[in-house]
Amino acid sequence: MKKYFVDKEDCEFKDILVENKGEQWISELYISATEYSITIVYKRGEKRKNV
């Protein structure tokens, strides 16, 4: 993101694509220029406790 001069706070749109059994797939949209954007899709899950 540094390459395109975009910070984490510059997120234009964030959405949960899929949610299932404590896992979430998140999509974030960043606008880097008039004709360019960056879309990041990542998995976020619940943390497991060691027993």
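In this predicted model, S27 stands opposite V41 of strand β3. Strand β3 comprises residues 37-45 and runs antiparallel to β2, to which it is joined by nine bridges. The two strands, β2 and β3, form a hairpin, with five residues between them.

Strand β2 spans residues 23-31 and includes W25. Together with L17, V18 and V41, W25 makes a nonpolar patch of about 360 Å² on the surface. V41 therefore has a place in this patch as well as in the pairing with S27, and W25 qualifies for a patch because its relative accessibility of 37% is over the 30% that patch residues require.

A second surface patch is one of negative charge, where D7, E9, D10 and E12 gather. Of these residues, E12 belongs to strand β1, which covers residues 11-20. E12 is classed as exposed because its relative accessible area of 54% is over the 50% cut-off.

The segment before β1 contains F5, which is also exposed, with a relative accessible area of 76%. F5 and A33 are 28 residues apart along the chain, and their C-alpha atoms are separated by 9.6 Å.

The relative accessible areas of three residues discussed above are listed below.

| Residue | Relative accessible area | Class |
|---|---|---|
| E12 | 54% | exposed |
| W25 | 37% | partly exposed |
| F5 | 76% | exposed |

Key:
Residues are numbered from 1 along each chain as its sequence is written. This is a predicted model: local features need pLDDT of at least 70, side-chain atom pairs count only at pLDDT 80 or more; totals for chains, interfaces and linings use all residues. Side-chain values use heavy atoms; hydrogens and water are left out. Patches are made of residues with over 30% relative accessible area and no salt bridge: like charges are joined within 9 Å, nonpolar side chains (Val, Leu, Ile, Met, Phe, Trp, Tyr) within 5 Å. Accessible areas come from the Shrake-Rupley method with a 1.4 Å probe; for residues, only the protein chains shown count as cover. A salt bridge is a side-chain nitrogen of Lys or Arg within 4 Å of a carboxyl oxygen of Asp or Glu. Lys and Arg count as positive and Asp and Glu as negative; His and the chain ends are not counted. The place of a charge is taken as NZ of Lys, CZ of Arg, CG of Asp or CD of Glu. Helices (H or I, at least four residues) and strands (E, at least two) are DSSP runs, numbered from the N terminus. Buried means under 20% relative accessible area, exposed over 50%, partly exposed in between (1.4 Å probe, protein chains only). Two strands pair if DSSP finds at least two bridges between them.
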